[in-house]
Amino acid sequence: MKPDSQIIRTRKKFLYCEPHKRIKEVQEEELYIKRDECHIKTSPADNEGVSSDGGSTFVEKGLKMRRDCMDLGICTREKLPHVRDCKTGSSGIPVKLVTNLFNLDLPQDWRLYQYYVTYSPDLASRKLRIALLYKHSKLSNKAKVFDGTTLFLSEKLEEKVTELSSETRNGETVKLTLTLQRELPSTSPVCIQVFNLIFKKIFKKLSMYQIGRNFYKPSDPVEIPQHKLSLWPGFAISVSHFESRLLFSADVSYKVLRNETVLEFMTNLCYTVGTSCFTRACEQQLIGLIVLTRYNNKTYRIDDVDWSMKPTDTFKRWDSSEITYVDYYKQQYGITLSDLNQPVLVSLLKSKRNNSTKPRIAHLIPELCFLTGLTAQATSDYQLMKAVAEETRLSPLGRQQRLARLADDIQRNKDARLELETWGLHFGSQMSVTGRVVPSEKILMQDHICQPMSAADWSKDIRTYKILSAQPLNKWLILYGNRAENVIEGFLSCLRRVGSSMGFNVGHPKIIKAQENTAAFIRAIQQHVDPDVQLVLCILPSSQKTYYDSIKKYLSSDCPVPSQCVLTRTLSKQGMLMSVATKIAMQVACKLGGELWSVEIPLKSLMVAGIDICKDTLGKEVVVGFVASVNPGITRWFSRCILQRTATDIADCLKVFMTGALNQWHKHNHDLPARIVVYRDGVGDGQLNTILEYEVPQLLSSITESGTKARLSVIVVRKRCAPRFFMEMNHTVQNVPVGTVVDSEATRPAWYDFYLTSQSACQGTVSPTYYNVIYDDNGLKPDHMQRLTFKLCHLYYNWQGLISIPAPCQYAHKLAYLVAQSIHKEPNLQLANSLFYL
């Protein structure tokens, strides 16, 4: 965005300045409500009587819920007769688990009372409306949440319509009318949102600052000076109903901050690129980044750089007086700005009012803005990431100790305790649940059944026994640059050796030398690739993204041939060459249509599919990836990907995908599947109902039109979920075993859901994956659905072990990610029957 763009020319009209630091508690309350979008504009005429909300319906007129609360009103279990009474399984070994969930006790008859508040005369200022209500003696000691229009109380007022009066500073008397609208039980999504607001206030009383949705403690940072990083420890928190009780969840979180200001970043960039390209390079590097201003511990997104403004420019304060940025920061925060010629950063803020079209803009000083997160270059730095992991990758015991300290802080803090008591809440003990460890799976090879020594890793078996099937690699090309000349012979020798032991015959390739630039590699491919070539293997001279992107784009769309890219320095590591060759041999075998291993699938004529969505890095499109099995053994796959222009992560192309998958199944099996199970990954907060009403009908329509009577199940997959589970053993806690299932106590009463831990962790704490069966015509028993899901976690051919999600989901993610990052167009359909994206 250029400095002279329209947004820059108009932004002084809507100038926004930092709020005064002496914010009253009343104003903080308003910010809490608005930040979480608990905005209600229902008039008394819309609801004459007092209604009691049972929690099943929550999208009321004028009510905008927080996204993670919106899904709570969706009841899918009641539509599934086979799990309406019981959704728990019974197979496996029972195991007692500790969680990161804490009991929140409420009186049995607890209610939240919702009032609509009017003012006479009407007041335009929300801050004044809130201040007048809060200072009234009848409400001053009551637990309350108020946004200027709607008031929530934990105690019912004596009258249905209550009239109060307050006086402004000018001596004007204002009449307040409070009209009772609803009595809400604790299970209502509105109550859940209010409970979350209460705990946000409590965490502020614990001297923690909110950044995004999480809370961090800047007073206790972890410094990594050798990499100029600071880590702020904190917690991701939430309150929700799990089965029959209200629970508070907390998980350890860290905020990564770079001890580098935006001004320092700009100065270094100027030295690197030169003054002629500096402005453009600076905007490309900075726009979209999140920065933190440590004087108020708030984060902002950089949306533009205004090169026409300087710290010596003035802006209007709340009382209409003008002040320069230099004087403002000196007076307000005691900060003296050192560079008076630096430009100003621009951040577009979210409007506090849902119906407001006026843009709110914050002008930020680069010298006071600290960069957050890690750059792509930093994440590829092994030593840096190792240093970060040593601090953030907590063991189960370390995580449990942090949770115990948090619970102790809440219970010992007088203000936090008073806040809870005022609302009738009691912070209880840490919750334990009973899980089950399902039996481990046997890995089926061509002529051997493996029972791996480790249930999560069978890499040694792959080198010993033959894979299920593989097409011989007879005609293929190797492209390389000057630096790779000395590594080719050794690499080919290892590749043939591991291929032979796997049952994968690797022939002699045509070896082509090219100059070390992207254009030369593409020209060589164009000259030497013909229709009979099975594979192009490129040995890249560097990790420069243009090499990989250009080769993948050409060979995936323009000239559809499976391709494999590997760095020269990877092949130069002699001690790892056999491991690298094994990995490449596996990937190449899959790209030629091979099958590596399988597990026993008791269900006959079963198709499984995975769906995932990624945002394209070049445009506004989203990339929808779809991968489905096309044989009963679930070892062969059909893959499709489409770019769609949409603002949401909802797929509108599933009918096309499913029709293509059914056609491929019929081509391979001369019949159509009897059962279809679809795993949907990439679902955001608040999208559950849209998936049910928009995506599921697409799948059903395709099945109906195909003429099959296949029964469909759709399961939403969440890799990030609030609960964590630890196993108690010998007076300590450790990671749960692979195959641990939790389907009670920590699940939702209105959903058919379960947690599955399908991978192990050598370091840190293993995370469960959350599965929510939102549609199910198959009528599988919970045991069978859980075991099927666990089996599918064994079938990802890019890893000789268990992964955290079912294989079709991971394949769909790999496909969508490749297209979103490198190809940026739909891959050629000639590659649809191979795993060309591994």
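Is Glu485 buried, partly exposed or exposed, and at what relative accessibility? Glu485 comes out as partly exposed, at 44% relative accessibility. Keep in mind that this is a predicted model.

**Figure 1. The salt bridge between Glu485 and Lys513.** Here the two side chains meet with an N to O distance of 3.4 Å. Glu485 sits in the loop between β25 (476-480) and α14 (488-502), while Lys513 belongs to strand β26 (residues 510-513), so this pair ties together parts that are 28 residues apart in sequence. Lys513 counts as partly exposed, with a relative accessibility of 44%.

**Figure 2. Glu243 pairs up with Lys87.** Zooming in on this salt bridge, we find 2.9 Å from N to O. Both partners are loop residues: Glu243 lies between β12 (229-242) and β13 (245-261), and Lys87 between α3 (67-70) and β3 (93-105), so the contact ties together parts 156 residues apart in sequence. As for cover, Glu243 is partly exposed, with a relative accessible area of 23%, whereas Lys87 is buried at 4% relative accessibility.

**Figure 3. Lys87 also meets Asp753.** The side chains of Lys87 and Asp753 form a salt bridge at 2.6 Å, N to O. This one links distant parts of the chain, with Lys87 in the loop between α3 and β3 and Asp753 in strand β37 (residues 752-757), 666 residues apart. Asp753 is buried, and its relative accessible area is 0%.

**Figure 4. Three residues, one network.** Put the last two views together and Lys87, Glu243 and Asp753 turn out to be linked in a network of salt bridges. Lys87 bonds to Glu243 and to Asp753. Within this trio, Lys87 is buried, Asp753 is buried and Glu243 is partly exposed. Across the model, the count comes to 28 salt bridges.

**Figure 5. Stepping back for context.** The close-ups come from a protein with 22 helices and 38 strands. Its C-alpha atoms fill a box of roughly 95 × 70 × 55 Å along the principal axes. The radius of gyration is 30 Å, which agrees with the value near 28 Å for a compact globule of 838 residues. Buried residues make up 55% of those 838. Of the contacts between residues at least 6 apart in sequence, 72% join residues at least 24 apart. The exposed area is about 37200 Å², with carbon and sulfur atoms supplying 49% of it. As for charge, there are 105 positive and 83 negative ones, and their mean positions are 3 Å apart.

Notes:
Residues are numbered from 1 along each chain as its sequence is written. This is a predicted model: local features need pLDDT of at least 70, side-chain atom pairs count only at pLDDT 80 or more; totals for chains, interfaces and linings use all residues. Side-chain values use heavy atoms; hydrogens and water are left out. A salt bridge is a side-chain nitrogen of Lys or Arg within 4 Å of a carboxyl oxygen of Asp or Glu. Helices (H or I, at least four residues) and strands (E, at least two) are DSSP runs, numbered from the N terminus. Buried means under 20% relative accessible area, exposed over 50%, partly exposed in between (1.4 Å probe, protein chains only). The radius of gyration is taken over C-alpha atoms; the globule rule is 2.2 Å times the number of residues to the power 0.38. Contact means heavy atoms within 4.5 Å. Accessible areas come from the Shrake-Rupley method with a 1.4 Å probe; for residues, only the protein chains shown count as cover. Lys and Arg count as positive and Asp and Glu as negative; His and the chain ends are not counted. The place of a charge is taken as NZ of Lys, CZ of Arg, CG of Asp or CD of Glu.
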